2 protein chains.
Amino acid sequence: MDLKAYLEKKRLQVEEALEIFTLKPQGLLAGHINAMRYSLFAGGKRIRPVICMAVSEALHVDPLPYMQIACGLECINTYSLIHDDLPAMDNDDLRRGKPTNHKVFGEAQAILAGDSLLTYAFELLSSPELADKLSSEDRLRITQTIAKAIGPTGMVGGQSLDIEAEGKSISFDTLKYLHSCKTGALITAAVQTGAIIGKANNDQFSSLTNYGNKIGLAFQIVDDMLNVEGTAEQLGKAVGSDAKHNKATYPSFFGIEKTREMAQDAVKGALESLTGFDDQAEPLRELAKYIYYRKR
Amino acid sequence: MDLKAYLEKKRLQVEEALEIFTLKPQGLLAGHINAMRYSLFAGGKRIRPVICMAVSEALHVDPLPYMQIACGLECINTYSLIHDDLPAMDNDDLRRGKPTNHKVFGEAQAILAGDSLLTYAFELLSSPELADKLSSEDRLRITQTIAKAIGPTGMVGGQSLDIEAEGKSISFDTLKYLHSCKTGALITAAVQTGAIIGKANNDQFSSLTNYGNKIGLAFQIVDDMLNVEGTAEQLGKAVGSDAKHNKATYPSFFGIEKTREMAQDAVKGALESLTGFDDQAEPLRELAKYIYYRKR
């Protein structure tokens, strides 16, 4: 299959849905909504919503009627990037080659744009417009899954640990836990969300959860590698910024060769968890490999 | 009735529930959870959860089985205070007489503590533990009501407008809209949440919504008045800080006498919307008056 074409088609479907399901700048709130939209429409591959869509397709369910939910995932990802870039956090001036939100709108409005994107995601997830498409039980389960993945014991907890760990010597177990919270949890939640939309049975749900955990792991390991190997253009941010901040990374523990092997193992594990799935899971398989080869 | 005793009893029930339903500091995440808990347990009257409880009582439904939801409201209120106090926002050093979150944990961890409290609220609202007490439909409706109230067209939008308006000349209509978003929306959502828990019929729901709007208005007007009249001890923050920041307030538009009348009218409107309710709504009536007389 042509993954590049598949990703581009899905990405465009996400862009279209984001235009439909997110707010238009108007009235007194135009400034605030513009700040949200600046980062929401700043490009990006829309990997999390695309993963969610690909999982429901692997279960033979068309994801298009459920795009509000996929958009919620992207709002959450965007909020996390805005807050991560803040001066008090990573203090990044560039994101995907463009000035970061706080560089354009100021720190206060950037914090609030992030807050609103996070909150709006839950507005989308609990939207009554989904009532005739998905049971209330399933919608609540999705809300619970995502909330758990991105809160204190998930993404935000991981980011907090990451900042705490800066400049300190941490164990590899801490790094692994930190990564699984910070990056892995939302990716796994995106997979689980697609599994709930696709009415996965218990076996399928746990195989797919395993797939999510493995690609999440691969994603973070590759991110660490790119930070060492990549160019500023590929990353859209300054190369070597992790080293600059004294951050523990996979390469700092294991060197680049061993790190590469670990990423390959994670991808292999992801592929193995899909053995029970038919051709419709081909995009998921290609996606797992793509995470390893992206931007390289 | 003895409102003071009622409020104290309810407050203690909220404190107890917060201990039960929020995270304990342990393991690697202890630092992050401590930052959340520092502000969550920094005192305060727990007005929003208490309002929610009082509304369900007015509908003859015991609120105690639903305390997770009331706790969610308090997590949201606490998150909003942490972010409002940040250097980039109001830059307050004190909140309820104690150092603000960022003064204790630093700016990055304060932003993240707020992010986690917001997210954790949605974890509580969508918790499967509520499944045998409240229908999935009702839980989703509560999630939707609260998300809408605190997002870009609610509380956060209002805060964004407030910052935009600082030092500028704004119309009274803008101030009113800003207040209704920033402060009113969450109070009305707390009332509506209690109404959903209490199985309000349509008429009751709209009367209670009106009650929420009126007490929300009264709350903000009185806040403006206290900022002019109050002492630092009463407010737990520096007096006159609105004037210091050049913020438009009710007193700056109408003077203190006319502002007082407007607050009284709002309370009167709140009481009128409860005419269809029996003795069980007495705490709501007393609460409306209390909002006017608090700390005076």
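## Contacts around B:Ala218

Two residues are in contact here if their C-beta atoms, placed from the backbone, lie within 7 Å. With that in hand, let's look at this predicted model, starting from one residue of chain B. Which residues does B:Ala218 contact, leaving aside its neighbours within four places in sequence? The partners are B:Ala263, B:Ala266, B:Val267, B:Ala270, B:Ala288, B:Ile291 and B:Tyr292.

B:Ala218 also stands out in a wider setting: the largest nonpolar core has 178 residues, and A:Ala218 and B:Ala218 are the ones with the most contacts inside it. In soluble globular proteins, nonpolar side chains tend to be buried together.

## How the two chains are related

To lay chain B over chain A, turn it by 180° with 0.0 Å of shift along the axis; the RMSD is then 0.0 Å. The two copies are thus related as by a two-fold rotation axis. If you would like to find that axis on your screen, B:Ser136 is a handy marker: of the C-alpha atoms in chain B, that of B:Ser136 is nearest the axis, at 2.7 Å. Both copies use the same surface, as 100% of the contact residues of chain B recur in chain A.

## Where the chains touch

Across the interface, 47 residues of chain B are in contact with 47 residues of chain A. On the chain B side, the elements giving two or more residues are helices H2 (30-40), H6 (107-125), H7 (136-150), H8 (155-165) and H9 (172-197) of chain B. H6(B) supplies the largest share, 12 residues.

What is this side made of, by class? The side of chain B that touches chain A has 23 nonpolar, 17 polar and seven charged residues.

Conventions: Residues numbered from 1 in each chain as written. Chains lettered and ligands numbered in written order. Predicted model: local features only at pLDDT ≥ 70, side-chain atom pairs only at ≥ 80, totals over all residues. Least-squares fit on C-alpha atoms with pLDDT ≥ 70 in both. Core = buried A, V, L, I, M, F, W, Y, C linked by C-beta atoms within 7 Å. Buried ≥ 20, exposed ≤ 12 C-beta atoms within 10 Å, placed from the backbone. Helix = DSSP H or I, 4+ residues; strand = E, 2+ residues; numbered from the N terminus. Nonpolar A, V, L, I, M, F, W, Y, C, P; charged D, E, K, R; others polar.
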